[in-house]
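Let's take a friendly walk through a protein model together. Have the sequence and the 3D view ready, and follow along as we go.

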Amino acid sequence: MQETRTTESPSVLSRSSTSTQDRSSAVGQTSSTGPQPSKPTPIIPPLVKSTGPGSGSGVRRMRRIIAEDAEWSLAIVPLLTELCIQHIVKNFQNNPILKQLLPEHQKKVLNHLSPDLPLAVTANLIDDESYWRRCCTQRWPVCHVDNHGGSWKRMFFELHLENLLKHFIPNTTDPAVILSLLPLCRNYVRALRVDQFLPPMQLPAPPRGGDQSDSGSEGEMEEPAMDHYQLDDLVAGLSHLEELDLVYGVKDCGMNFEWNLFLFTYRDCHSLAATVKACHTLKIFRLTRSKVDDDKARILIRSLLDHPALEELDLSHNLIGDRGARAAAKLLSHSRLRVLNLANNQVRAPGAHSLAHALGHNSNLISLNLRLNCIEDEGGQALAHALHTNKCLTTLHLGGNELSEPTATLLSQVLTINTTLTSINLSCNHIGLDGGKQLLEGMSDNKTLLEFDLRLSDIAKESEYLIGQALCANREAARQRALNPSHFMSPVTAKGPENPVG
């Protein structure tokens with residue numbers, strides 16, 4: 001309510017000032033004589049001279065009313081656009097309106113949407129990365145978006161699907177919980193990394209009656225099935241899946257530990273083999289720490305023969321022996337595999353011979369990891385012979401394989417002629433002093449090797465130092481080639497093809 005302003009005459013002003021002074025003096029006298037009972041002070045409205053027509057010289061009294069509202073402010077009423085945006089945000093779950101808005105209005109709506117909205121509403125409607133970033137950071141305290149192609153939306157759906165798989169209990173959880181997510185995430189999931197598969201829940205065995213005959217053996221009792229969730233229907237619905245990283249085991253089992261919790265059954269194996277065979281977009285397949293033996297490895301590798309897209313196979317930390325390594329060698333000849341990892345298995349010299357034979361005729365594989373096996377010098381020498389003719393392998397890891405001087409001698413010959421190897425690991429072997437000298441001699445003629453790990457290999461400190469100096473020189477030369485590629489081109493390539501003689 002606005003204040004009513006009046007124009008007062010000089011006589012009225014003097015009269016009001018006099019009355020004000022009288023009231024103030026009266027109040028001072030009252031306070032000096034001691035406390036008196038409080039009485040309401042009468043408000044005497046000022047006399048205002050009427051200025052209207054026909055008013056004459058009459059004087060009338062006018063009341064002045066001043067409103068005091070603590071909640072009243074001078075803020076401008078919100079724009080209609082802002083009110084509409086607030087309404088859209090409030091009712092987005094029941095009536096999602098986004099694509100019809102202008103870009104600046106879409107941004108305002110997305111900034112105010114709750115990350116807890118149902119995926120059925122937001123999955124195929126919202127592509128804004130800032131919204132999915134809020135969804136990820138609210139749900140997971142640590143977010144490595146680089147591991148998901150730099151996309152927050154892809155990260156959310158991959159982690160959400162992985163979380164459902166890790167907590168799925170066969171015969172207890174409804175499979176529709178996972179399959180119902182397919183229409184929402186099929187276009188965004190590129191990788192599945194599941195480091196836990198729960199087995200079926202085991203019910204306590206019923207107590208045996210006292211009158212039960214003891215003649216029956218325990219082997220006649222049917223053991224409960226320990227098969228895990230079958231991925232065939234899920235993977236078939238993920239049309240862009242490129243990476244599958246699985247571990248059949250249980251994390252944080254505590255005092256409930258049993259070996260059956262880490263059992264990769266034959267039914268699991270056959271189902272997984274059919275799944276990866278049917279997934280023609282799969283480029284990376286990892287199955288680690290799952291107690292995969294030779295028979296199961298052969299089943300899996302057989303399904304990968306002539307796979308149209310597979311580039312990396314990782315079966316490390318399993319129980320694969322020579323028969324499984326022989327199957328992997330066959331895969332090298334019937335696929336476009338570029339990375340093979342069989343680390344921490346049970347491969348010995350016969351398995352290494354099979355891999356060496358395939359390596360000698362292979363033109364795709366660039367990385368071979370056989371660390372923590374036991375191929376010994378027989379297997380190491382076979383691989384060294386294969387490297388005389390192989391022109392594509394760049395990384396070789398033979399750490400912890402009981403290798404010694406004979407293997408080092410052949411590898412030194414490889415170093416003098418091979419121009420594709422850039423990284424070799426011979427750590428935790430028994431190369432010895434003479435073997436170290438042989439490798440140093442081979443390094444003197446090598447200009448392409450950039451990494452050579454010889455830790456805990458019993459070579460002399462001097463040899464290790466000089467090999468390190470040669471590696472530094474090679475790395476510097478590689479850096480200069482990367483900075484000035486035209487300077488290191490051959491003369492024929494630099495000039496270009498000559499004109500044909502007419």
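## An exposed arginine with a buried partner

R455 counts as exposed, because its relative accessibility is 55% and the cut-off for exposed is over 50%. Keep in mind as you look at R455 that this is a predicted model.

Which residue does the side chain of R455 meet in a salt bridge? The partner is D453, with 2.7 Å from N to O. D453 has a relative accessible area of 15%, so D453 is buried. This pair therefore joins an exposed residue to a buried one.

## R286 and its two partners

The structure holds 13 salt bridges. In one of them, R286 pairs with D245, and their closest N and O atoms are 3.8 Å apart. R286 sits in strand β5 (residues 284–287) and D245 in strand β4, so this salt bridge ties together parts that are 41 residues apart in sequence.

R286 also forms a salt bridge with E312, where the closest N and O atoms are 3.3 Å apart. E312 belongs to strand β6 (residues 312–314), so its pairing with R286 in strand β5 links parts that are 26 residues apart in sequence.

Are these charged residues buried or exposed? R286 counts as buried because its relative accessibility is 18%. D245, at 17%, is buried too, and E312 is also buried. Zooming out, R286, D245 and E312 belong to a network of salt bridges that also includes R193 and E243.

## The nonpolar cores

In soluble globular proteins, nonpolar side chains tend to be buried together. Here, the largest nonpolar core has 111 residues, and L272 and F452 have the most contacts inside it. Which helix gives the most to this core? Helix α6 (residues 152–166) does, with seven residues.

Try selecting L272 in your viewer. Leaving aside residues up to four places away in sequence, L272 touches L231, L244, L246, Y248, F264, F285, L287 and L300. Apart from this core lies another one, of six residues, including I169, V250, L261 and F262.

## A serine in a loop

Our last stop is S239, in the loop between α9 (232–237) and β4 (243–246). S239 counts as partly exposed because its relative accessibility is 39%.

What does S239 touch, if residues up to four places away in sequence are not counted? Its contacts are R186 and T281. S239 and R190 are 49 residues apart along the chain, and their C-alpha atoms are separated by 8.7 Å.

Conventions. Residues are numbered from 1 along each chain as its sequence is written. This is a predicted model: local features need pLDDT of at least 70, side-chain atom pairs count only at pLDDT 80 or more; totals for chains, interfaces and linings use all residues. Side-chain values use heavy atoms; hydrogens and water are left out. Helices (H or I, at least four residues) and strands (E, at least two) are DSSP runs, numbered from the N terminus. Buried means under 20% relative accessible area, exposed over 50%, partly exposed in between (1.4 Å probe, protein chains only). Contact means heavy atoms within 4.5 Å. A nonpolar core is a set of buried Ala, Val, Leu, Ile, Met, Phe, Trp, Tyr and Cys residues joined through side-chain atoms within 4.5 Å. A salt bridge is a side-chain nitrogen of Lys or Arg within 4 Å of a carboxyl oxygen of Asp or Glu.
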